[in-house]
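Student: I am new to this structure and should like to be guided through it by questions. May we begin once it is displayed?

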Amino acid sequence: MHTNNLPAVIPDQSAWNLNPNASYVYYCANETINGVEFQFVPETNGVPLVCDMSSNILSRHIDVSKFGLIFAGAHKNIGCAGVTLVIVREDLLGKALSTTPSVICFKTQVEHKSIYNTPSTYR
């Protein structure tokens, strides 16, 4: 059952009107509410592509070179709730707004070898 009265289809990419000057193009690879999953990686003609793959990451081969950034909440296919995977191209690092919290600044995470906010673990 569709919750928004819109058809559960992805329009042909030739009908899309993408701004060539956009900072990025975002899409969700698998929208589970209405059952819509991309069967292709959108072409953005050089605009960085950002994708939420929370519900289908690890379900198929992904050519990460086509993306500026991929993120996935682990609660679906990777692990427990709250864990998030991020894959980001190096040329996109250092472009966060000055108001971005350091813990979610990807440049900070890279500079600290992904352990900037590693919680203490006790045995």
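**Salt bridges, sheet and surface**

Tutor: In this predicted model, R89 and D91 form a salt bridge whose closest N and O atoms are 2.8 Å apart.

Student: Does R89 count as buried, partly exposed or exposed?

Tutor: The class depends on the relative accessible area, because buried requires under 20% and exposed over 50%. R89 has a relative accessible area of 29%. R89 is therefore partly exposed.

Student: And how is D91 classed?

Tutor: D91 is the partner of R89 in the salt bridge. Its relative accessibility is 47%, so D91 counts as partly exposed.

Student: How many salt bridges does the structure hold?

Tutor: One of them joins R89 to D91, and another joins E111 to K107. R60 also forms a salt bridge, with E37. The number held by the structure is three.

Student: How many residues apart are R60 and E37?

Tutor: The closest N and O atoms of R60 and E37 are 2.8 Å apart. The pair links distant parts of the chain, with R60 in the loop between β4 and β5 and E37 in strand β3 (residues 36-37). R60 is partly exposed at 41% relative accessible area, and E37 counts as partly exposed at 25%. Along the sequence, the two are 23 residues apart.

Student: In which helix do E111 and K107 lie?

Tutor: E111 and K107 form a salt bridge with closest N and O atoms 3.0 Å apart. K107 is partly exposed, with a relative accessible area of 38%. The two residues are four apart in sequence, about one turn of the helix, and both lie in helix α1 (residues 106-111).

Student: Let us turn to the sheet. What is the order of the strands in the open sheet?

Tutor: The sheet has four strands with mixed pairing. Its edge strands are β1 (25-28) and β6 (84-88), each of which pairs on one side only. From one strand to the next, the twist averages 10°. The order is β1-β4-β5-β6.

Student: Do β4 and β5 run parallel or antiparallel?

Tutor: Strands of a sheet pair through backbone hydrogen bonds, in either direction. Three bridges join β4 to β5, and C51 stands opposite I70 in β5. The two strands run parallel.

Student: And which way do β5 and β6 run, parallel or antiparallel?

Tutor: Strand β5 (residues 69-73) is joined to β6 by five bridges. F71 stands opposite V86 in β6. These two strands run antiparallel.

Student: How many of the five residues of β5 are buried?

Tutor: Buried means under 20% relative accessible area. By that criterion β5 is mostly covered, and the number of its buried residues is four.

Student: Is D52 buried or exposed?

Tutor: D52 is found in strand β4 (residues 49-52). Leaving aside residues up to four places away in sequence, D52 touches Y26, Y27, C28, A29 and F71. Its relative accessibility is 14%, so D52 counts as buried.

Student: Finally, how much accessible area does the nonpolar patch on the surface have together?

Tutor: The patch is formed by L58, V64, I78, L85 and I87. Among them, V64 is found in the loop between β4 and β5, and it counts as partly exposed at 38% relative accessibility. Together the patch residues have an accessible area of about 400 Å².

How values were computed: Residues are numbered from 1 along each chain as its sequence is written. This is a predicted model: local features need pLDDT of at least 70, side-chain atom pairs count only at pLDDT 80 or more; totals for chains, interfaces and linings use all residues. Side-chain values use heavy atoms; hydrogens and water are left out. Buried means under 20% relative accessible area, exposed over 50%, partly exposed in between (1.4 Å probe, protein chains only). Contact means heavy atoms within 4.5 Å. Two strands pair if DSSP finds at least two bridges between them. Axes are lines fitted to C-alpha atoms, for helices over the stretch in contact, and angles run from 0 to 180 degrees between N-to-C directions. A salt bridge is a side-chain nitrogen of Lys or Arg within 4 Å of a carboxyl oxygen of Asp or Glu. Patches are made of residues with over 30% relative accessible area and no salt bridge: like charges are joined within 9 Å, nonpolar side chains (Val, Leu, Ile, Met, Phe, Trp, Tyr) within 5 Å. Accessible areas come from the Shrake-Rupley method with a 1.4 Å probe; for residues, only the protein chains shown count as cover.
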